[in-house]
Amino acid sequence: MPTARSKEGTSAENRNPRETCGKCDEEVSNSDLFVMCSTCSLHYHIQCQKISKGKLKVIQEEDGILWFCHACRRTTRNMIGKMSEMEKRLVSLESQMKTSIQEIKNLRNQCESLQTKNSALEKAVTETKENLKNAENQRGFQSGIIDNLRRDLYKEHNRNISIEQQLDCIKQASRENNVRIVDMPESDEKDLKKQILDLLSIPDITEEDIQSTYRLGKPKDSKARDVIVKFASKQKRDIFYSMRKSTPKGRDNKKVFINEDLTQFRSKLFFDARRLVKTRKLHSTWTQEGNVIIKLNEEESPVAIATHQELRSKVFGYQFEDIEICSTSSEIDDCMSSDLNSL
Ligand SMILES: [Zn+2]
Ligand SMILES: [Zn+2]
């Protein structure tokens, strides 16, 4: 009686003769018809695996026929099921991977594009820094030029002041024979010389000593215009001027004043000095030979001042450098007088 052993070869020959059936656990003897599973190598009685003798014959005699026990077939079926599930998962994973790869590609592209942008930005920043540095250098250079120009302007300005002062001295010198009469009532202007002589009645001075007289500006109702009197000589003018304190009262009981005929510039300077006296910043002020004289206090000797700058520096101790440079000396004097005005 042939068995499966002849086909299973040497391994079957060497097996333990007291082998048991994988299904019923009874002994499989050499007299039994049995079959061996190609997967688990267990032996089975053919009746335990419901195999007919004809089927056993085919299994034993045909080459390349494998037989699997019920248990192995079930396991294989399960495994195939699991494998197909795994395959589906694999397909899904592959598709996910493709998506991921695409995403990675996109991210990489974005990253590269950002890198390009960043390096462009870095370049721009560097360029801007350089431009800024250049601009700063240029500004330093320009401010140097401006400083030089300012110094030149300052020099020119001082020169200008000096010229204007010289001019003012000449103007003042041309008025040395003059006096200015303030608050003398206006009447028939043909009698102006007589009116002037009557003011002081000095025997030494006659109409011939008066070279010319005129009222300043257009007539006003409110106030008598100032009179400029030009004497023929400085000597006569000085005599007349020295008697100025003894003038009678004029219109509305106002005293008539006889002053030196100052240039516009000196009048303004004298006006500001008088204001400082009123506000007690200055002891006293007067004019002498066309110059403005100030006295700071009882003890100090009187000094002549030529500009608002001098007035200011004497009274407040300011230096010229303290103020902004003005384009003309008259502007400077405006600065000074506006400062004095604010007292
Ligand atoms: Zn059995
Ligand atoms: Zn098996």
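Two strands are taken as paired if DSSP finds at least two bridges between them. With that criterion in hand, this tour moves through a predicted model, beginning at the sheet near the end of the chain's strand numbering.

**The three-stranded sheet**

Select β8 and β9, which run antiparallel and are joined by three bridges. One place to inspect is I294, whose bridge partner in β9 is V303. Next, add β7: the three strands form an open sheet in the order β7-β8-β9, with antiparallel pairing. Strands β7 (284–288) and β9 (303–305) are the edges, each pairing on one side only. On average, neighbouring strands of this sheet are turned by 40 degrees against each other, direction ignored.

Now display helix α7 (residues 264–278), which packs on this sheet and touches β7, β8 and β9. The direction of α7 makes about 155 degrees with that of β7. Helix α8 (residues 308–316) should be shown next; it lies across β8 and β9 and runs at about 135 degrees to β9.

**The four-stranded sheet**

Turn to the strands β4, β5, β3 and β6, which form an open sheet in that order with antiparallel pairing. Its edge strands, β4 (210–215) and β6 (257–260), each pair on one side only. From one strand to the next, the twist averages 25 degrees.

Select β5 (residues 227–231) together with β3 (residues 178–182): the two pair in the antiparallel sense over four bridges. Along this pairing, N178 has K230 as its bridge partner in β5, and I181 stands opposite V227. On the other pairing, five bridges join β4 to β5, again antiparallel. There, R215 has V227 as its bridge partner in β5.

Which residues of β5 are on its covered face, and which on its uncovered one? The covered face holds V227, V229 and F231, whereas I228 and K230 are on the uncovered face. In a regular strand the side chains alternate between the two faces of the sheet.

Bring up helix α5 (residues 192–200), which lies across β3, β4 and β5 and runs at about 100 degrees to β4.

**The nonpolar cores**

Select V179, I181, M184, I196, V227 and V229: of the 13 residues in the largest nonpolar core, these touch the most other members. Strands β3 and β5 and helix α5 each supply at least two residues of this core. Centre the view on I196, which touches I181, I210, T213 and V229, leaving out residues up to four places away in sequence. Apart from the largest core lies another, of 11 residues, among them F265, A273, I305 and L311.

**A loop residue**

Move to E19, in the loop between α2 and β1 (34–36). Is E19 buried, exposed or partly exposed? It counts as partly exposed because it has 15 C-beta neighbours inside 10 Å. Beyond neighbours within four places in sequence, E19 is in contact with V28 and H43. Its C-alpha atom is separated by 9.8 Å from that of Y44, 25 residues apart along the chain.

**Colouring by confidence**

Finally, colour the chain by pLDDT, which averages 85, with 85% of the residues scoring at least 70. Among the elements, strand β8 (residues 291–295) has the highest mean, 96, and helix α2 (residues 10–13) the lowest, 40. Over residues 1–15 the pLDDT is below 50, and this stretch has 12 contacts in the model beyond near neighbours in sequence. Residues 321–329 also stay under 50, with 12 contacts beyond four places in sequence.

Note on methods. Residues numbered from 1 in each chain as written. Chains lettered and ligands numbered in written order. Predicted model: local features only at pLDDT ≥ 70, side-chain atom pairs only at ≥ 80, totals over all residues. Axes fitted to C-alpha atoms, helices over the stretch in contact; angles between N-to-C directions. Contact = placed C-beta atoms within 7 Å. pLDDT = per-residue confidence, 0-100. Buried ≥ 20, exposed ≤ 12 C-beta atoms within 10 Å, placed from the backbone. Core = buried A, V, L, I, M, F, W, Y, C linked by C-beta atoms within 7 Å.
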